[in-house]
Amino acid sequence: MITQPLSAPVAAVQDARNRAIILVLLIAAFVVVLNETIMNVALPTLIDEFQVTAGVAQWLTTAFMLTMAVVIPITGFLMQRLSSRAVFFVAMGTFTVGTLLAAVAPTFGLLLLARVVQAVGTAIMIPLLFTTVMTLIPAERRGAVMGSISIVIAVAPALGPTVSGLILQSMSWRFMFVFVLPFSIAALIYGARTLVNFSEPRRLSLDLVSLPLSAVGFGGLVYALSRLGESPAGLSDPLVSISLALSVLSLLLFVWRQQVLQRQDMPLLDLRALRYPMFTLGVVLIMLLAIVFFGGAILLPLYLQEVRGLSTLQTGFLVLPGGVLMGVLAPTIGRLYDRHGPAVLATPGAILLTLSLWSFSRITAETGTPVLLALHLVMSVGLALTFTPLFTAATSPLPARLYSHGSAIMNTFQQVAGAAGTALLITVMTGQITRALAEGVALPLARAEGVRAAFGMATSTALVLTLLVAFMRRAPSPDGADADAARVHAGH
């Protein structure tokens, strides 16, 4: 179906409405992503407060990741079953309730439940933002808007530890959630006043077979990988090996079930998006990037605190400039992508990423703080140059009917890769530390050796990313007319 071009006044109104919708979602996403990292430096405080072990306290982070892995694959279905406005209120309403519950939680169990509720809202909000951009923004202008999303993804996680460090210096841990709550409520109210529906719900039934298979498959995989990074026994740990086996079996059954449902056009997660080569390559590249990003985000703070003896607040301030720099560069990189495509930006970005990680693999216990800051800034520039072009180019060949499923697939695999990267790098680090201690190396120097070995593994991953990124191309949408029709329909 070919649609008539919109008149200039109508197009201007529609553009203004689309910008307002995306602004609402950007604000909401910033709040939920900030919350995701705000807990990281508070675990020692919570261990003392609730008199629990470090392993139990770690569940505040693990349960959040598990919930994300379980809920994100369902968002493709959810965004087709409900209107866009309804999905927003489910996401932000759930997140706000979870934040309030966390602020007043009298017991550790209730705090853990609150984190799970928050994670449900977060898991829905992030794919909603990406799907909305793909639906409302034409492919030729999508890079600039994806650049704005990169601000959320880069700056909010960098701010989280710094904000929580400042709060914990003089106030109770509850004020971390008290701090987030007004922003969450404000985003909810602003969304109620501004957000309009831009999608029509479809009559779909939730497949009760796919749901548990997805939960056990993706959730079990993230749990097994997270446990692998923490357990000295590695794969011989029954909790790791059994979880891994169950998750792989569930995922195989899940894929088979989706293929059956695709014949009826009713899959929970439409895997036909993976038939598009550029999308599939983009998913692989984003997974490699997630391994480097999430792993590096853990390694550097471990080095700064355990080898150099910096406080959590000092560590937060040292990594903050990198996150801010990514946010500053993101809009420009998005505009450059719209003009030149992905390879021109992502290739030098991957090279910078590889060089900075290789340099981190050479640091010692005496490496100067200015050098560490400079390396982190270079790594941040590399990440900024790669993320927006790769994500935007990966989703460009998808037809409009697969936008929500493509977003869910991309975010799910990114979550799994983040868990895998963290497990891999922590395993390499702890293995090297154990060997160094057995050879009589002092603990701080052994830890430095462990961090170097892990950064060496991250360098190898970034090198693979560099070799593959040159094959990434910006492919035109196969049903541009359909996508345009969807946007015109949304305008009415």
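Here is a short walk through some helices, ring pairs and salt bridges in this structure, which is a predicted model.

**Stop 1: a bent helix**

Start by selecting residues 312–340, which make up helix 13. This helix has 29 residues and reaches 40 Å from its first C-alpha to its last, close to the 42 Å expected at 1.5 Å a residue. Now click on Ala330: helix 13 bends there by about 35°. Pro331, a proline, follows within four residues. Move on to Gly341, which comes after helix 13 and has a positive phi, near 85°.

**Stop 2: aromatic rings**

Next up, rings. The model has ten aromatic pairs. Show Phe88 and Phe89: their ring centres are 5.4 Å apart and their planes sit at 70°, so this pair is edge-to-face. Are these two buried or exposed? Phe88 is buried, at 0% relative accessibility, while Phe89 is partly exposed, at 28%.

Now pick Phe218 and Phe254. They form another edge-to-face pair, 5.9 Å centre to centre with 80° between the planes. Phe218 belongs to helix 10 (residues 210–230) and Phe254 to helix 11 (residues 238–262), so to speak of distant parts of the chain being linked is fair: the two are 36 residues apart. Phe218 is buried at 6% relative accessible area, and Phe254 is buried at 2%.

Before you leave the rings, select Phe50, Phe108, Trp173 and Phe177, which form one aromatic cluster.

**Stop 3: salt bridges**

There are five salt bridges in the structure. Stay with helix 11 and select Arg257 along with Asp207: their side chains meet in a salt bridge, 2.8 Å from N to O. Asp207 lies in the loop between helix 9 (174–194) and helix 10, and Arg257 in helix 11, so the pair ties together parts that are 50 residues apart in sequence. Arg257 counts as buried at 18% relative accessibility, and Asp207 is buried too, at 12%.

Then zoom to Arg272 and Asp270, whose side chains meet at 2.7 Å, N to O. Add Asp265 to your selection, and you have a network of salt bridges linking Asp265, Asp270 and Arg272.

For one more, select Arg447 and Glu306: the closest N and O atoms of this salt bridge are 3.6 Å apart. Arg447 is in helix 17 (residues 443–469) and Glu306 in helix 12 (residues 277–307), so this pair ties together parts 141 residues apart in sequence.

**Stop 4: a surface patch**

Finish at Leu23, Ile27 and Tyr190. Together they form a nonpolar patch on the surface, with about 230 Å² of accessible area. Leu23 is found in helix 1 (residues 8–38).

Notes
Residues numbered from 1 in each chain as written. Heavy atoms only, no water. Phe/Tyr/Trp six-rings, centres within 6.5 Å; stacked < 30°, edge-to-face > 60°. Buried < 20%, exposed > 50% of the residue type's maximum accessible area, 1.4 Å probe, protein only. Expected span 1.5 Å × (residues − 1). Bend = angle between axes of the 7 residues up to and from the residue. Patch = residues over 30% accessible without salt bridge, like charges linked within 9 Å, V, L, I, M, F, W, Y side chains within 5 Å. Areas by Shrake-Rupley, 256 points an atom, 1.4 Å probe, with all protein chains shown as cover. Salt bridge = Lys/Arg side-chain N within 4 Å of Asp/Glu carboxyl O.
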